[in-house]
Amino acid sequence: MNLVANNIWSTQIVLDGQASQRFKFDTATNWAVNYGDSNGDGILNQNGSDIFTNLVGTYRVQVNDATLAYTLTPVTTSVSSSNVSSSTSSIKSSVSSSLVLSSTSSSVSSIHSSGANSSATSSIAGIVNGDFRKETIYFLLTARFYDGDASNNYYNRDRYKAGDPHWRGDFKGLIQKLDYIKDLGFTAIWVTPPVENRSGLDYHGYHAYDFYKVDPRLESPDASYKNFIDAAHSKGLKVIQDVVINHSSQYGLRNAVWIDHLPIKYYVPAGGVQGNIVNGPYLGNLGDYKSTFRDDNDNPVAPQWFKERHTSDSAGITPLVDPKTGVTVPKAGYDANRFFGIDATSLDPNWYHLDGFMSGGDWESPLALQRKHMAGDTIDLATGRQNVKDYLNGAMKMYLDMGVDAIRLDTVKHIERNELLSYVNTWKAHKPGLFVFGENLVKGTGFGSEIANDNASAVIRPWWYTRTTSNPADPRAGGDSGFSVLDFSVFSTFRDNVTRGNFGGIGGVMAMDWVYGDATQLVTFFQNHDVGPDNDFKYRYGGEMGNAAMVYNLLWTNRGIPTLYYGEEIMFQGGLPQDIAGNSDTIDQTGRAYFGPHLDNLATTQSHPLYQHIKRLNQIRSAIPALQKAPSTQVSEWGAGMSFVRDLSSEGSYVVVGLASSSSQSITVNGVKNGTYRDAVTGTSINVTNGTISFSVASYSAGIYVLNGIGKIGTNGTFLR
């Protein structure tokens with residue numbers, strides 16, 4: 001259930017009127033603490049009797065957690081006027097169904113109902129598969145969020161900073177801070193790829209070495225990835241796993257394919273002497289400091305000469321002849337690429353593409369994008385080959401069986417659409433109802449040269465992957481592919497509008513929503529680990545706080561599923577680059593800095609105006625189905641303000657939204673349904689009889705007028721008021 005006003009919790013349930021239909025409230029999702037109504041007086045009591053009813057239809061259930069009074073109000077027409085009654089008699093039902101709902105407190109977390117012929121709802125570890133548009137997403141880099149176990153901390157060899165291990169946060173720390181995310185009101189957590197990685201800078205998880213193993217630098221004996229998933233589910237939170245199928249690390253894939261290079265412990269820089277390297281814990285050489293023999297490439301399919309050095313010569317001083325060139329190492333100044341890079345022409349074609357590295361215009365060329373390596377530590381997998389598919393799909397099925405609820409797919413445009421969809425459809429067949437969305441990064445609206453002013457074809461643009469059409473000039477020639485994407489189109493406007501205090505241009509981009517398979521499933525965002533809303537698409541937002549509030553007002557009321565990147569709620573690292581930008585940057589100087597100190601000082605963090613702002617937006621969105629699932633229509637945008645309608649009449653939910661920038665706005669919307677509207681922000685009530693609604697919105701605030709709404713949700717803050 002969701003907190004919709006002071007002490008008031010609300011949700012909707014569907015009643016079918018079958019024999020023995022009853023419900024009660026479960027606050028622990030395991031019946032340890034539950035509430036029924038033993039006296040039939042509309043007041044809940046702990047461990048009370050089931051509440052029996054023969055009502056039929058959709059009803060809004062509300063509970064006052066101070067008085068324990070509960071009410072049922074019809075949302076759609078009921079065919080029965082029977083009253084709810086309670087009974088102490090025991091009536092057995094053959095099947096029980098449960099609906100697990102989100103909340104920002106443990107006061108009331110779910111309603112359980114049962115009927116003699118009701119059908120069971122499928123669930124994984126307490127989380128019911130359902131419409132993912134109901135969710136809001138908190139995105140974090142696991143290794144940079146919160147450190148619960150210092151024993152698994154690890155310094156990468158690149159960008160060393162004393163006191164700030166790259167691998168610092170872990171699942172134990174994340175489990176400890178689930179209540180923080182839940183208090184903010186989020187219902188889903190997107191974590192960076194948990195699979196084991198290898199590279200000189202792999203803390204982020206995008207350089208996979210073993211898809212079948214969770215990176216031990218994230219786990220603890222009492223806090224595995226599975227433990228985290230289960231802990232999230234126990235709190236009503238879903239888990240989104242970030243997945244990369246486009247590439248592996250330059251180490252190859254453990255047990256599958258090896259990529260030729262020399263052991264790193266034999267590298268000596270020009271002018272250096274073996275044994276003299278001092279790079280934090282990397283003393284003597286740059287071989288892995290936590291491995292007994294200073295080598296972390298334990299791939300069983302490596303050649304024998306390499307495996308022998310993996311288990312010997314930790315100092316890297318025993319001469320080794322490079323089988324590729326005949327040169328003996330260690331040797332000062334010897335080709336660094338033989339230690340840290342790859343030879344793109346000698347890769348195993350059964351696993352990798354052999355087309356070289358990306359450069360220049362390749363970034364707008366479909367063939368180059370989908371067959372070349374992005375960098376020396378992202379080696380392009382031959383994703384069309386069956387052995388590669390079997391390897392990747394086998395791993396993904398393992399994580400889905402572990403309880404993962406949704407997938408975010410990285411580097412989408414680097415894989416041909418139909419090939420990518422074959423993976424997605426395999427996962428969805430394994431776990432019906434799975435929500436999968438992806439990152440197709442474009443620094444512009446990105447609709448493709450066939451239908452808009454663009455410098456590349458639509459076949460590498462976001463909308464293309466959400467459709468099945470074979471004609472890039474005609475999106476409607478094919479249906480919804482069942483795959484969604486991050487909304488880079490609206491995001492691309494932010495550098496020129498909301499960050500400067502206006503909405504200019506957003507309406508024009510939203511007018512193109514028709515190109516997507518389903519624009520209501522787009523995953524929306526203001527910034528993330530790769531991009532920010534600035535001229536270089538590079539920096540965390542560091543401007544006026546009111547402008548940030550204005551963006552969140554838009555994202556939480558517009559179509560799509562809103563996502564927040566960790567720390568946005570306090571403008572964390574505002575103005576700094578999202579990733580390392582200079583040759584000497586360390587990650588504490590970026591948007592990927594460690595967040596722990598702010599989680600250790602919750603009083604300050606949770607009192608931040610944006611924290612409270614986002615928390616209330618989550619309360620509002622969770623209580624209004626139209627804000628979750630309806631398209632945005634009747635869009636009007638005039639720079640200083642915006643308005644649009646969210647019409648989900650099929651589920652009895654209809655909303656008129658008005659947004660204001662730095663100045664208050666008087667807003668009029670024509671062609672709306674008649675009836676009584678109540679503003680979820682101010683509680684103002686307006687009766688519409690002529691199809692026109694007019695209202696005022698304070699600066700940096702929103703008007704969220706809900707037809708037959710319950711009124712004000714949450715409490716006033718700095719911006720929503």
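Are aspartate 313 and arginine 309 buried or exposed? Both aspartate 313 and arginine 309 are buried. The legends below describe close-up views of a predicted model.

**Figure 1. A salt bridge between aspartate 313 and arginine 309.** The side chains of the two residues meet with an N to O separation of 3.9 Å. Aspartate 313 belongs to the loop between α5 (304-310) and β25 (320-321). Its backbone has a positive phi of about 55°, although aspartate 313 is not a glycine. The relative accessible area of aspartate 313 is 14%, and the residue is therefore classed as buried, the cut-off being under 20%.

**Figure 2. The annotated domain, residues 139-621.** An unreviewed UniProt entry lists this range as "domain: Glycosyl hydrolase family 13 catalytic". Over residues 139-621 the chain is 25% helix and 13% strand. The C-alpha atoms at the two ends of the range are 18 Å apart.

**Figure 3. The salt bridge of lysine 238 with glutamate 135.** The closest N and O atoms of this pair are 3.2 Å apart. Lysine 238 lies in strand β18 (residues 238-243), whereas glutamate 135 lies in the loop between β13 (127-128) and β14 (137-140), so the salt bridge ties together parts that are 103 residues apart in sequence. Lysine 238 and glutamate 135 are both buried.

**Figure 4. The salt bridge of arginine 592 with aspartate 530.** The two side chains meet at 3.5 Å, N to O. The pair links distant parts of the chain, 62 residues apart. Arginine 592 is in the loop between β33 (561-565) and α14 (596-599), and aspartate 530 is in the loop between β32 (523-524) and α13 (545-557). What is the burial class of each partner? Arginine 592 has 4% relative accessibility and therefore counts as buried, while aspartate 530, at 30%, counts as partly exposed.

**Figure 5. A network of salt bridges.** Seen here are Glu196, Arg198, Asp210, Lys213, Arg254, Asp296 and Asp298, which are linked through salt bridges. For the model, the count of salt bridges comes to 37.

**Figure 6. The surroundings of alanine 232 in helix α4.** Helix α4 covers residues 225-234 and includes alanine 232. At 0% relative accessibility, alanine 232 counts as buried. When residues up to four places away in sequence are not counted, alanine 232 touches Leu178, Leu237 and Val239. Tyrosine 516 is 284 residues from alanine 232 in sequence, and the two C-alpha atoms are 31 Å apart in space.

**Figure 7. Helix α13 and its burial.** This helix has 13 residues, and its first and last C-alpha atoms are 19 Å apart, close to the 18 Å expected at 1.5 Å a residue. How many residues of α13 are buried? The helix is mostly covered, with 12 of its 13 residues buried. Among them are Gly546, Ala549, Met550, Val551, Leu554, Leu555 and Trp556. An α-helix has 3.6 residues a turn, so residues three or four places apart point the same way.

**Figure 8. The second largest cavity.** Its volume is about 50 Å³. The lining consists of Phe526, Gln527, Arg540, Tyr541, Ala548, Tyr552, Glu568, Met571, Phe572 and Gly574. Two of these lining residues, Ala548 and Tyr552, are buried residues of α13. The model has 4 cavities of 30 Å³ or more.

**Figure 9. Backbone geometry at proline 330 and phenylalanine 537.** The peptide bond that leads from valine 329 to proline 330 is cis, and its omega is near 5°. Proline 330 is located in the loop between β26 (328-329) and β27 (331-332). Phenylalanine 537, a residue other than glycine, has a positive phi near 50°. The loop between β32 and α13 contains phenylalanine 537. With a relative accessible area of 6%, phenylalanine 537 is buried.

**Figure 10. Threonine 58 in strand β7.** Strand β7 spans residues 56-64. Threonine 58 has a relative accessible area of 17% and is buried, because the class requires a value under 20%. Proline 303 is 245 residues from threonine 58 along the chain, and their C-alpha atoms are separated by 65 Å.

Note on methods:
Residues are numbered from 1 along each chain as its sequence is written. This is a predicted model: local features need pLDDT of at least 70, side-chain atom pairs count only at pLDDT 80 or more; totals for chains, interfaces and linings use all residues. Side-chain values use heavy atoms; hydrogens and water are left out. UniProt positions are given in the numbering used here, feature names are shortened, and annotations may be inferred rather than shown by experiment. Helices (H or I, at least four residues) and strands (E, at least two) are DSSP runs, numbered from the N terminus. A salt bridge is a side-chain nitrogen of Lys or Arg within 4 Å of a carboxyl oxygen of Asp or Glu. Buried means under 20% relative accessible area, exposed over 50%, partly exposed in between (1.4 Å probe, protein chains only). Contact means heavy atoms within 4.5 Å. The expected span of a helix is 1.5 Å times one less than its number of residues. On a 1 Å grid over the protein atoms alone, a cavity is a set of points where a 1.4 Å probe fits but cannot get out, and a pocket is an open set with protein on both sides within 12 Å along at least five of seven lines; lining residues have an atom within 4 Å of a point. Grid points are joined across faces, edges and corners, and a volume is the space filled by probe spheres set on the points.
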